[in-house]
Amino acid sequence: MSAQNDTLDQEVVRGFRQRFANFREHRPHLFLLALMIVIPWFFMDLATWFTLTVSGLAMGLMLFIMASGMTLTFGLMSVLNLGHGAFISLGAFSGATVIVFWMNDLAGSGSLGATLLALLAAFVFAMAVSGSLGLLFERFVVRPVYGDHLKQILVTVGGAIIIMELIHVIWGPSEIPVPRPDLLRGAVILDSTVPLIGGAAVETYRLAAVLLGLLVYGVMTWIIDRTKAGILIRAGVESTEMVEIMGYRIKLLFLGVFIAGSALAGLGGAMWSMYQEIITAHMGETLMISVIVVIILGGLGSIKGCFYGAILVGLINLYIGFLAPVFAAVATVGLMVGILMWRPQGLIPVIKV
Amino acid sequence: MLNAILSGDHPRSRILSALLLVIFICLALGPFLFSSTRAFTTLGMICIFIVVVASYDVMLGYTHIVSFAHTMFFGIGAYAVAMTIGAMGNSFGAIGLGILAAVLAATALALLLGLLSLRVKAIFFALVTLAVAFAFMTMVNQLYTITGGEDGLRVRVPRELGPAFRLIENDLYGFSITTFLAGLFTQPWNLGEVIRESVYNVRVNGRVVMYYICFFFSLGMFLFMLRMMNSPFGRVLQAIRENEFRAEALGYRTVYYRTATVVLAAVVTALAGVLFALFNRYVNPENTLDFELMVFILLMCVIGGMGTMYGAVIGATLFLLAENYLQDVLRVLGGYVDGVPLVSGLVGPERWLFWFGLLFVLSVYFFPKGMVGQLRVWADARRRRREESG
Amino acid sequence: MAEPILTLSGVHADIEQYHILHGVDLQVPRGELTVLLGRNGAGKSTTLRTIMGLTRLRRGEVRFNGASISGMPTPQIARKGIAFVPESMGIFALLSVRENMSLAASSGPIDEGRLEWVFGLFPPLKRFWNRPAGNLSGGQKQMLAIARAIIEPRELLLVDEPTKGLAPAIINDLADAFEELKEQQASILLVEQNFNFSRRLGQSVAVMDDGRIVFAGQMAELAGNEDLQQELLGLSLGAHQ
């Protein structure tokens, strides 16, 4: 009887283990996310954990917005655009121009409508500037080197230098402080009666960034999953030739995706400018490191992978930044190296690299 | 004789040979041809960066491996010697230990990166090295107790390599080319006077000794790598570059060759980093590890000519001269367009990098083989014309 | 005789440094199924790819409906009314069957009536409508590939070796589907290695060797002449039956 019980128990354990292994292998992004969120419980109190998690989400979502364009450009056109960071910087400076110089009164007014208007104007302007430059960049820098990775790396690095120098020419070489709109300053503090996480404080701006980031992810997912353009993009990631055989002009699709990707980098940069409250022409270069880690983690070409990769990077940055600030950057890169060892194609691979 | 020294890989262009000869003479007699300290420093940097760029060319040009971690290895060398000297004092023993540590660390890290590139494909290598190099730089910045953080470390070189030491008691004579040329143009009627003015005294101190260490290191390393690239090993690398699949099918483990290349380049550049620390006597993240420096190395390699070795000499020399002197030229040019908005901004002395970026992109499109490649194309065309006519 | 829907004259094409087509002259009659036969490496697939503009035409001319389409970009050729099923089938494995089909309907939403007709030809597609196309079996993938090509009326259909690697029963189903397409007076150019399949469907036939057309005529002519088969294709039907 007892022997029977033993075997039965073992059955259950094996079943559980198998289910766990199954989950780990088929949903690696969720598995890692769960791991990432749970482990810090052992090292900090829950209120701190909550603050860090929301902040990490905010950072991750901004990174996602910046990285999504780059991963799509790679997936669809096999173009490695190392100049992507320059578009982030450009977006930051364009957005900051609206907030700091053109609509300072609106941003400082404290009224919800005026703040939203100023933010909207800043984001739209940032996207417009980065997007139009993306058009030129695709046409004059990237198009002549389609299909040649080495030259792509070289010319996009060169292109980034030119854009950053242009930023210096237009906005001057010094840093520009970017104050957040009045309404987004300060923090939301949870009531101390809330169980476990009572008293946790979350900056208003980070909450807003989380909301906007989720909105962008939602819209992008909808476009990619439901619209014809989205189906075309996913089809193009698999085979550009077949898309052409069906009568679609792939070059237009490339151009569209490149512009959209550049515009998103600009939006991410504009959001980041108010997050950091200071901008330099080199900010894009520094952010590129995280962006690269994100797209490698997620699996080049995958929007969903990019989303989870970005959140993982955001969270690990905040957690490690709190526990051992010296190792934040190392942890980010370590995460990438570790995942590459485990899954060389990234979390959600869509293309063979 | 010359054939053996150059491993049979000649410049194959008269203009190129002439340029190389001029550079060689200027570097070899450097302290005796240029009197200013700025020129002295620039010459030393050219010697060091010829090695850095040539070792980068071994990866980029000969094997088409794009690495963004070259500055990391350079920094490893520089910091290793700076830290051992900091800990043990300014002895040659400390330098030796620093070199040993640098070589070991560079080898280990390069092997690790190489192993990672076994698992991920070539295109990933660029991205992975970029991220790893960045993490390394952040570490150096953060661990300021041992690295000095952003302030960096001063390197107290042994007395024999410092300005106080005299190798030869009496001063030697130098002949300043710049003074001579300036005089030649401004007062050509007064040639005797000009020549007399051009002669100056050279104190053969430890700095000059250090310069010649750099020079001979540079020369030796360059010829060594030239030999490597013209050996069977180098041929295999080029075969892998042209057609990896076929090279693999012929029985070459491409992965081993790639990793060996990365390790070789890493060790050589780490040694160059050691010399940089000793010559510059000051290391910080900006002058050894910065991403901008990495991009500069890339620019030097591509503009000079990838996969030619001589391109490293031309590229490094040209770039460092531009970095140090193009700003002066632009300042003069800027005077003419002063007041014109945007244009004056673009021509200003601090915008030299803009022009180099433009030059870089254009050279990738129109002269993908760089200056050396282009000179050879012209030389070949000339040769062919001559054969046809005669 | 009516004007052929597609005419190739003196077509040369290369793949990288290899010269593959050495002056192909080929006519595809309107409203008929033409089979292009030939051994491996004869240049059959390259001929189709050159028609589609996927392989660059070096010399010669391709005329479709009387107008030259030489050197046009692929999408433009497709929009003139040519559908192409490549040898690899080009299924988008991560997209659902529905998404594959909706992309194929490049001029607008799928016509419901026509979709029902396609479902009639290839019933499995209806069953797996919302599944990822990558999960289909080889035969089902081939069905999807052909379904994509006919979901909108096209004037000319180019199909590269649809029977490759398929089980005999499935090949039969495919043959039935092609019979039905023939009844609709579609113009089809079919590249094949399977002679029985070709003989059953083909009205006209052309045989390629070494990048040239070495025989062109009616299928009946070739099917009735074993010596000719032996000479052109090096096959003896006896061994195959």
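pLDDT is the predictor's confidence in each residue, from 0 to 100. I start there because this is a predicted model. Chain B averages a pLDDT of 86. In that chain, 95% of the residues score at least 70.

Where in chain B is confidence lowest, and where is it highest? The low end is helix H18 of chain B, residues 343–347, with a mean of 67. The high end is helix H5 of chain B, residues 70–88, at 94. Where pLDDT is low, the predicted coordinates should not be read in detail.

Next, how the chains meet. Two pairs of chains are in contact, and chains A and B share the most contacts. Chain B and chain C do not touch. Their nearest C-alpha atoms are 14 Å apart.

Now the contact between chains A and C. Chain A gives 15 residues, and chain C gives 17. On the chain A side, helix H9 (228–238) and helix H10 (240–245) are the elements that give two or more residues. H9(A) supplies the largest share, five residues. By class, that side of chain A has eight nonpolar, two polar and five charged residues.

Staying in chain A, look at helix H11, residues 250–276. H11(A) has 27 residues. From first C-alpha to last, the helix reaches 38 Å, close to the 39 Å expected at 1.5 Å a residue. Of its 27 residues, 22 are buried, so H11(A) is largely enclosed by the rest of the structure. Just after the helix, Glu277(A) takes a positive phi of about 60 degrees.

One residue to click on: Leu287(A), in helix H12 of chain A, residues 283–298. Is Leu287(A) buried or exposed? Buried, because 24 other C-beta atoms lie within 10 Å, and the cut-off is 20 or more. Leaving out residues up to four places away in sequence, Leu287(A) touches Met66(A), Gly85(A), Ile88(A) and Trp272(A). Take Gly85(A). Leu287(A) and Gly85(A) are 202 residues apart in sequence, yet 6.8 Å apart in space, C-alpha to C-alpha.

Last item: a helix pair in chain B. Helix H4 (residues 37–63) and helix H14 (residues 254–280) of chain B pack at about 170 degrees. Their axes are 9 Å apart. That angle makes H4(B) roughly antiparallel to H14(B). Which residues meet? From H4(B), they include Ile48(B), Val52(B), Tyr56(B) and Met59(B). From H14(B), they include Leu264(B), Val268(B), Leu275(B) and Phe279(B). By class, this contact of H4(B) with H14(B) has 14 nonpolar, five polar and one charged residues.

Terms used:
Residues numbered from 1 in each chain as written. Chains lettered and ligands numbered in written order. Predicted model: local features only at pLDDT ≥ 70, side-chain atom pairs only at ≥ 80, totals over all residues. Helix = DSSP H or I, 4+ residues; strand = E, 2+ residues; numbered from the N terminus. Expected span 1.5 Å × (residues − 1). Buried ≥ 20, exposed ≤ 12 C-beta atoms within 10 Å, placed from the backbone. Axes fitted to C-alpha atoms, helices over the stretch in contact; angles between N-to-C directions. Parallel < 35°, antiparallel > 145°, perpendicular 65-115°, else oblique. Contact = placed C-beta atoms within 7 Å. Nonpolar A, V, L, I, M, F, W, Y, C, P; charged D, E, K, R; others polar.
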